[in-house]
Amino acid sequence: MPFDWMKIPYALLTLFIVINYGFLMGAFVQKIAARVGRRHGIPIWQYYADILKNYGMRTSITHGVMFYMGPVFRLSGGVGLLMFVPTIYGSYMFSNMSFAGDLILALYFIFFGTLGMALGAGESGHPHAAMGVSRGLSLVSTAELPLALAVFSVALQYHSLSVTEIVAAQQGGVMHWTVFTNPLAVVAAMLSFLGSMMRPPFDLVIAPQEIPIGPPTEFHSSYLALMQTNRALFPVAKVVIYMNLFFGGATDWPTFFLKVFLIYLWAAFVGVVFPRFRLEQAVRWFLIWAVPIGILSIVLV
């Protein structure tokens with residue numbers, strides 16, 4: 001089957017929409033956290049001001065090739081995750097470059113950015129970056145395990161590794177959504193979601209009150225801007241996966257914006273209620289609570 005080159009401009013349009021929505025949603029969530037703490041919080045436009053400033057800066061400091069490839073790999077993980085799964089079900093323009101079996105590729109892209117960031121930060125030689133890398137890989141490995149189990153359960157349930165086919169099987173009403181047909185898989189995935197969003201109580205990598213923002217310690221200028229762009233893109237791209245697999249997908253942009261926002265708020269609300277875990281507490285929490293639920297969902301399917 002020949003590649004449809006006409007999908008590229010539509011995929012770039014999707015990328016533009018999702019990045020801007022990620023910036024706005026990130027600022028709004030910061031506002032929510034600030035209001036809970038009886039503060040005003042940053043203005044909505046602050047994300048744009050920061051990223052434009054950083055993209056305009058240059059540096060003459062060098063730490064080696066892999067150090068500068070880290071932010072590139074990080075952003076590539078977010079872009080690839082969004083580009084190879086459908087954004088709007090049933091739309092030719094916004095189906096992106098999805099294909100049969102794209103669910104497996106999506107799982108690779110979820111971990112790709114984290115691994116690239118670890119390689120880049122590790123070359124800086126900064127002790128805080130090394131602390132962030134060790135924390136990050138430990139947390140991500142355990143946090144993504146329940147998601148992998150939930151995805152396996154969903155793939156068994158629908159007999160497909162295609163995100164489009166899984167969304168198609170959930171059409172016809174709310175009760176067809178995976179959250180109602182396979183609730184244990186959704187519970188495991190939503191617990192995993194808390195760890196992957198890097199918000200309290202699982203913000204161990206950034207740990208703003210302990211170490212100077214972990215792996216990004218040595219990154220600045222346009223390299224930091226790439227990471228800031230991914231901080232807006234990757235959470236929304238991952239929520240798109242959750243929306244498609246567990247909550248019926250979206251057939252238009254208003255539904256997309258609403259569902260993504262509500263799923264995103266799950267991590268935000270938990271984050272403003274609970275304090276941060278220590279690393280061993282976080283790893284133990286996922287292994288004791290989330291992983292068994294994921295295994296049970298597979299057994300029941």
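Helices here are DSSP runs of H or I with at least four residues, and strands are runs of E with at least two, numbered from the N terminus. In this predicted model, the order of elements along the sequence is α-α-α-α-α-α-α-α-α-α-α. The total is 11 helices and zero strands.

**Overall shape**

The radius of gyration of the protein is 19 Å, close to the 19 Å that the globule rule gives for 301 residues, so the protein is as compact as a globular protein of that length. Its C-alpha trace spans about 55 × 45 × 40 Å along the principal axes. Of the 301 residues, 50% are buried.

**Helix α1 and the segment before it**

Helix α1 covers residues 7-36. Its 30 residues should span 44 Å at 1.5 Å a residue, and the C-alpha atoms at its ends are 43 Å apart, which agrees. After α1 comes R38, with a positive phi near 60°.

M6 lies in the segment before α1. Is M6 buried, partly exposed or exposed? Its relative accessibility is 49%, and the class of exposed residues begins over 50%, so M6 counts as partly exposed. M6 also belongs to a nonpolar patch on the surface, together with L13, F16, Y92 and M93. The accessible area of these residues together is about 500 Å².

**Helix α9**

Helix α9 runs over residues 221-246 and has 26 residues. From its first C-alpha to its last it reaches 38 Å, close to the 38 Å expected at 1.5 Å a residue. Where does α9 bend? The bend, of about 25°, is at R231, and a proline, P235, follows within four residues. Most of α9 is covered, with 22 of its 26 residues buried. The helix is followed by G248, whose phi is positive, near 80°.

**Salt bridges**

Side chains of opposite charge can pair when their charged atoms come close. The structure holds three salt bridges, listed here with the distance between N and O atoms.

| Acidic residue | Basic residue | N to O distance |
|---|---|---|
| E144 | K238 | 2.9 Å |
| D203 | R276 | 3.0 Å |
| E280 | R278 | 2.6 Å |

E144 and K238 form a salt bridge. This pair links distant parts of the chain: E144 is in helix α5 (residues 127-158) and K238 is in helix α9, 94 residues apart. Both E144 and K238 are buried.

D203 and R276 meet in a salt bridge through their side chains. They also link distant parts of the chain, 73 residues apart. D203 sits in the loop between α8 (183-196) and α9, while R276 sits in the loop between α10 (253-273) and α11 (279-300). How do D203 and R276 divide between buried and partly exposed? D203 has a relative accessible area of 7%, which is under the 20% limit, so D203 is buried. R276 has a relative accessible area of 22% and is therefore partly exposed.

E280 and R278 also meet in a salt bridge. E280 is partly exposed, with a relative accessible area of 38%. R278 is partly exposed too, with a relative accessible area of 49%.

Key:
Residues numbered from 1 in each chain as written. Predicted model: local features only at pLDDT ≥ 70, side-chain atom pairs only at ≥ 80, totals over all residues. Heavy atoms only, no water. Patch = residues over 30% accessible without salt bridge, like charges linked within 9 Å, V, L, I, M, F, W, Y side chains within 5 Å. Areas by Shrake-Rupley, 256 points an atom, 1.4 Å probe, with all protein chains shown as cover. Salt bridge = Lys/Arg side-chain N within 4 Å of Asp/Glu carboxyl O. Buried < 20%, exposed > 50% of the residue type's maximum accessible area, 1.4 Å probe, protein only. Expected span 1.5 Å × (residues − 1). Bend = angle between axes of the 7 residues up to and from the residue. Rg over C-alpha atoms; globule rule 2.2 N^0.38 Å.
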